[in-house]
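Reader: I'm in my first year and still learning how to look at a protein model. Could you take me slowly through one part of this one, and then show me what surrounds it?

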Amino acid sequence: MVKHLIKSNENHEVTIFDVNKDAYNLVKKDIDGRSVTVADSVADVAKNCNVVITMLPAPQHVNAVYKDMLDNVKPGQLYIDASTIDPQTTQDVAKQVESKGAQLMDAPVSGGVGGAAAGTLTFMVGGEDDAFNRANPLLKLMGKNIVHCGKTGMGQVAKIANNLVLGISMAAISEAMVMGTRLGMDPAKLANIFNTSSARCWSSDTYNPCPGVMENVPSSRNYEGGFASQLMLKDVGLAVTAAEAAKIPLPLGKRTQQLYKDVSEAGLGSKDFSVVFRYHNDRVGDSEL
């Protein structure tokens, strides 16, 4: 995402900060010698930049980073948080930023590592119209589909709803692929039937979880890379928590949350979330099923 900002023809002065110092080397390797400033802290980023984009793993990290930046937040700044967190945390942090005269938008993404590298991400954006109009040109440098979902927090609502569907659909495709192949069906033929029939979905036609069906997806490389199962567990959990607070029943959501908890506890949390296929396949014949 950073490389697209740096390589654009907009002459942006880009400052980066990451607790993982190896990330700096990856950025420098990818920007063809163009200039980028490395900040000493998140506080320095807030102090020296007009627009600040954050992307963090979970709500507690967002709270901590914005707490560290808050003293340096200035009127007129725009903050864009591309983390996937719960809507309430986003709205709470936005109020803190707005108390300093700045604006905050939530802009979680979909498209994965491949979409980030290709600049084809979808951004689901929540915030005021004027903030969206200001952010849109920057987001277009990093993404293909920029959708204004409504007020602050609505980007998060869209994202957790999307990932709820994704987690459920991957679990369903994995179960069906295990059943079909264990009953004797060729996995590639079964996937082709899914992809030309009513079972068609992204989890099957773009990211099939069965090894050998598709190239260049995590299932073809021992489920390395991609989107970790523990992150899917987090995202489905965010949806379940938000629904419970609003007294909205999510029976499939809760079952999927438990499934990814089981996958993570089986030592597969760092593997791509399509490893749920392996988890099901390894349990075939389990007397406790």
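Author: Happy to! Please keep in mind that this is a predicted model. Let's begin with a cysteine, Cys149. Is Cys149 buried or partly exposed? Its relative accessibility is 28%, and since buried means under 20% and exposed means over 50%, Cys149 counts as partly exposed. Compare that with another cysteine, Cys49: its relative accessible area is 10%, so Cys49 is buried. You may wonder about disulfides, and the count for this model is zero.

Now let's look at strand 8, which covers residues 143-150. Its partner is strand 7, residues 121-126, and the two pair in the parallel sense over six bridges. To find the pairing on your screen, look for Thr122, which stands opposite Asn145 in strand 8. What joins with these two strands to make a β-α-β unit? It is helix 7, residues 129-142, and the unit made by strand 7, helix 7 and strand 8 is right-handed.

You can find a similar arrangement elsewhere in the chain. Strand 3 and strand 4 (residues 78-81) also pair in the parallel sense, over four bridges. Here Val52 stands opposite Tyr79 in strand 4. From strand 3 the chain passes through helix 4, residues 59-69, to reach strand 4, and this β-α-β crossover is right-handed. Strand 3 itself, residues 51-54, has two faces: Val52 and Thr54 are on the covered one, while Val51 and Ile53 are on the uncovered one.

Let's move on to the helices, starting with helix 8, which spans residues 154-182. Ala176 has its place in helix 8. With a relative accessible area of 24%, Ala176 is partly exposed. Ala176 and Arg200 are 24 residues apart along the chain, and their C-alpha atoms are separated by 12 Å.

Helix 8 also helps to line the second largest pocket, as do helix 5 (87-98) and helix 11 (229-245); each of these supplies at least two residues of the lining. Which helix gives the largest share? Helix 11 does, with five residues. The pocket holds about 290 Å³ of space. Its lining has 16 residues, and those nearest the centre are Pro87, Ile160, Ala239, Ala242 and Ala243. Sorted by class, the lining consists of 12 nonpolar residues, three polar ones and one charged one.

Conventions: Residues numbered from 1 in each chain as written. Predicted model: local features only at pLDDT ≥ 70, side-chain atom pairs only at ≥ 80, totals over all residues. Heavy atoms only, no water. 1 Å grid on protein atoms, 1.4 Å probe; cavity = no way out; pocket = protein on both sides within 12 Å on 5 of 7 lines; lining within 4 Å. Points joined across faces, edges and corners; volume = space filled by probe spheres on them. Nonpolar A, V, L, I, M, F, W, Y, C, P; charged D, E, K, R; others polar. Disulfide = S-S within 2.5 Å. Buried < 20%, exposed > 50% of the residue type's maximum accessible area, 1.4 Å probe, protein only. Pairing = 2+ DSSP bridges. Right-handed = clockwise from strand over helix to strand, strands pointing away.
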